[in-house]
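Here's a quick briefing on charged side-chain contacts and burial, with a short stop at one pair of strands. Have a look at the model before reading on.

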Amino acid sequence: MKSIIIYSCAAIFCCLLPSRLEADSYRLVEYGIAAVKTQYVLGEPVAVSVFTANETSKSMLVPVDALKYQQFQIQISKDGKSFSDVTLGYGGTINISPANRVLPPGAVQYYPFRILCENYHQKSKATLVFRKPGVYFLRCRIGATMPRFTESVRIEVLAPRGIDRQVWQLLKRPELLHFLQFADIAPSASQEAKQLVEIVRRFPGSAYEDDILWAVRHFYCWRTEEIVHPPWSHEAMFRKVLGLSPVGVVDAGWSDRRLDCQQVAFTPGLSTVGKVLLHASMQTGVTLVASQQSGLSSRPVRVHRPVMSLRQLMQALAEPGWAVWVRRGDGYRLVVVPARKK
């Protein structure tokens, strides 16, 4: 069943808050940071995307490994003036392959960060980044010797109440928080994955559900595709929670693991194809765009299902015989099929 239906009415998408930093003449690439949403509940991973934009007339080489390990540093502040580094560890950002990326003119690439615990790999020092409810500001530092900074984005962390308070009491254990932030795929993490699935089943609709499903989806995807294992007694339960059909490991279509491992979360309601794809690109780092043919990018859509895999989203937007996906670099483009081929 498709989770997005095309409608003939206008749409306003959920809040995206990009801020930019003008590039100097040396790099010729602009950097910025965007917050996926403005409010979170204490213990919920905060999702932001650092982005690079090529606003020149020539293709630009972006050394992705350097950006992750040497140049991109997330910083936090309580007053928006005094910032300190956030130490996320190896899993701070995701989806940064290939190592070097060529950005065509006008292209934008997003690098998602999930911010929850810092110093986790020094477990005795592991702490929550957002330790108390309140207002926080986030920005990115680019470079070390002559650093530049993006403008900051503002988020608010709320105290958990009601069902969220019950779930938080179950979640605030180091091993579960680590899994929630990084989605460990090691077989030893099976117990954490099953515990999170049980939390979703017992407490549907909590503020933590989208992030739990994100972690479980990563674990399930990599386990079924990469790890040799006997028949898995819990597979049917995992597939049901993730909204997958009861048979088969990966749906037919593009042979791209990211489409099944990566997840997007939406606010149900009206939007446009272009804004839906922008939101998906910010959350996953996989570039999805729509062509300008027949006004495809501005075409209205209604989002019914709030959480889905990238493959489910792409299937929902494609219309056999009319609009199809084509590979574009390491991303995808939704195009209208020429009339003679319909």
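D260 comes out as buried, with a relative accessibility of 13% (buried is under 20% relative accessible area, exposed is over 50%, and partly exposed is in between, using a 1.4 Å probe and protein chains only). Keep in mind that this is a predicted model, where local features need pLDDT of at least 70 and side-chain atom pairs count only at pLDDT 80 or more, while totals for chains, interfaces and linings use all residues. Residues are numbered from 1 along each chain as its sequence is written, and side-chain values use heavy atoms, with hydrogens and water left out.

**The R311–D260 contact**

- D260 forms a salt bridge with R311, at 2.8 Å from N to O (a salt bridge here is a side-chain nitrogen of Lys or Arg within 4 Å of a carboxyl oxygen of Asp or Glu).
- R311 sits in helix α9 (residues 310-317) and D260 in helix α7, so this contact ties together parts that are 51 residues apart in sequence (helices, H or I with at least four residues, and strands, E with at least two, are DSSP runs numbered from the N terminus).
- R311 is buried as well, at 4% relative accessibility.

**The D256 network**

- D256 meets R258 in a salt bridge, with 2.8 Å between N and O.
- Both D256 and R258 are buried.
- D256 also has a salt bridge to R327, this one at 4.0 Å from N to O.
- The D256–R327 pair links distant parts of the chain, 71 residues apart: D256 is in the loop between α6 (235-241) and α7 (257-261), while R327 is in strand β21 (residues 323-328).
- The two ends of that pair fall into separate burial classes: D256 has a relative accessible area of 9% and is buried, whereas R327, at 40% relative accessibility, is partly exposed.
- Through shared partners, salt bridges join D256, R258 and R327 into one network.
- For the overall tally, the model has 8 salt bridges by this rule.

**Strand β3 and its partner**

- Strand β3 covers residues 30-35, and 6 of its 6 residues are buried.
- Neither face of β3 is left open: E30, G32 and A34 are buried on one side, and Y31, I33 and A35 are buried on the other.
- β3 runs antiparallel to strand β5 (residues 46-53), and 6 bridges join them (strands pair if DSSP finds at least two bridges between them).
- One of the residue pairings is G32 in β3 with F51 in β5.
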